[in-house]
Amino acid sequence: VLAAGVAQADVSFSGKGEVSVAQADGTESMSVRSGYDLNVAVSGASDNGITYSMGFDMGAGSLIDYNDDYAIDPQGGAIAASALTIGYAGVTIVAGQNKVDDLYDDQQNGDVGISGSFGSLSFSAVADTDDGASSNSFSLSGTADAMTWSFVTTDNNAAVDSSGDDTVDNSGESASKVTVGYTASDALSLSFKHDTKGSSADAVNTLGATYAMGSVTLGLSGADDDTTDYSVGYAAGPLSVAFATDESDNWKFNSTYNLGGGAQAFVSTNSKEFAAIGMSFAF
């Protein structure tokens with residue numbers, strides 16, 4: 001039966017296994033954890049050139065999010081429904097109930113997305129077909145010599161911080177942001193972002209710069225809401241190290257060492273007493 005299915009479409013398996021000693025936000029003692037995440041993808045093409053793909057993932061135990069959210073992520077649970085991705089003539093359509101991220105705020109989801117490009121311009125649009133508080137978002141981006149730019153907007157931003165205290169009030173306002181990047185040299189890159197946040201919140205303008213010196217990369221960004229971020233990274237051979245902090249001394253650190261064959265060791269910690277050390281392998 002499996003052989004007959006493979007004859008009709010390509011089936012691929014990938015994933016990650018991991019073992020670690022970790023503690024989350026100081027609320028738990030350091031303890032041994034292990035887990036895996038298995039991804040199954042099915043893809044094929046019709047005779048007239050339309051490509052299609054779907055997939056799902058399953059797992060058990062816990063994996064460590066050691067370089068983004070700095071958290072212990074439980075695996076497993078019910079296997080969720082999958083979105084269908086269709087491609088034709090350079091245009092990609094994704095359809096699935098709450099399976100497409102809103103382009104402005106990925107904390108909310110839409111049901112249908114379309115993306116493509118023409119010349120140096122790329123576009124995406126996401127629509128939510130649910131009744132009630134639904135969102136529709138759109139993005140347009142492009143390049144011009146050493147400059148990149150993008151515009152993203154949504155008609156229902158569900159993550160508005162109108163009070164300025166980093167809390168979400170779910171006001172459902174429209175919001176947009178414009179980002180411009182400029183490569184000044186092989187070492188120096190500059191960026192500017194204007195984010196409206198929504199009508200009940202003040203717009204935020206952010207300037208950023210990244211400077212690379214061989215194996216070391218320095219980053220600095222500052223915004224007119226009195227926030228500042230600093231970062232330093234190092235990458236040479238199998239070793240990579242990253243450290244970042246802000247004006248409130250909320251710092252985070254992670255380091256990985258490539259062991260070869262899809263395996264790597266990692267160490268991660270932050271100012272909120274998250275800590276983890278472990279090894280993972282991709283398959």
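**Reading a pocket, two salt bridges and a surface patch**

Guide: The residues that line the second largest pocket divide into seven nonpolar, seven polar and three charged, and this, like everything else we shall discuss, is read from a predicted model.

Visitor: How does one find such a space, and what is the volume of the second largest pocket?

Guide: The general idea is that a probe the size of a water molecule, rolled over the atoms, shows where empty space is left. In this structure, the second largest pocket has a volume of about 250 Å³. Its lining comprises 17 residues, of which Asp 37, Phe 56, Asp 57, Met 58 and Ala 80 are the closest to the centre of the pocket.

Visitor: Which strands each supply at least two residues of that lining, and which element gives the most?

Guide: Strand E2, spanning 31-45, and strand E3, spanning 51-65, each supply at least two residues, and E3, with five residues, gives the most to the lining.

Visitor: Turning to charged pairs, how many salt bridges does the count come to?

Guide: A pair is accepted when a side-chain nitrogen of Lys or Arg lies within 4 Å of a carboxyl oxygen of Asp or Glu, and by this rule the count comes to two. In one of them Lys 16 pairs with Glu 18, the closest N and O atoms being 3.8 Å apart, while in the other Lys 197 pairs with Asp 195, with the closest N and O atoms 3.9 Å apart.

Visitor: Why does Lys 16 count as partly exposed, and is Glu 18 buried or exposed?

Guide: Residues under 20% relative accessible area are called buried, those over 50% exposed, and those in between partly exposed. Lys 16 counts as partly exposed because its relative accessibility is 27%, whereas Glu 18, at 5%, is buried. For the second pair, Lys 197 has a relative accessibility of 33% and therefore counts as partly exposed, and Asp 195 is buried, with a relative accessible area of 7%.

Visitor: Which residues form the nonpolar patch on the surface, and which elements give two or more residues to it?

Guide: The patch is formed by Val 19, Val 32, Tyr 234, Leu 239, Tyr 257, Leu 259, Met 279, Phe 281 and Phe 283, which together have about 820 Å² of accessible area. The elements that give two or more residues to this patch are strand E17, covering 252-260, and strand E19, covering 275-282. Phe 281 has its place in strand E19, and because its relative accessibility is 41%, Phe 281 counts as partly exposed.

Notes:
Residues are numbered from 1 along each chain as its sequence is written. This is a predicted model: local features need pLDDT of at least 70, side-chain atom pairs count only at pLDDT 80 or more; totals for chains, interfaces and linings use all residues. Side-chain values use heavy atoms; hydrogens and water are left out. On a 1 Å grid over the protein atoms alone, a cavity is a set of points where a 1.4 Å probe fits but cannot get out, and a pocket is an open set with protein on both sides within 12 Å along at least five of seven lines; lining residues have an atom within 4 Å of a point. Grid points are joined across faces, edges and corners, and a volume is the space filled by probe spheres set on the points. Helices (H or I, at least four residues) and strands (E, at least two) are DSSP runs, numbered from the N terminus. Ala, Val, Leu, Ile, Met, Phe, Trp, Tyr, Cys and Pro count as nonpolar, Asp, Glu, Lys and Arg as charged, and the others, Gly among them, as polar. Buried means under 20% relative accessible area, exposed over 50%, partly exposed in between (1.4 Å probe, protein chains only). Patches are made of residues with over 30% relative accessible area and no salt bridge: like charges are joined within 9 Å, nonpolar side chains (Val, Leu, Ile, Met, Phe, Trp, Tyr) within 5 Å. Accessible areas come from the Shrake-Rupley method with a 1.4 Å probe; for residues, only the protein chains shown count as cover.
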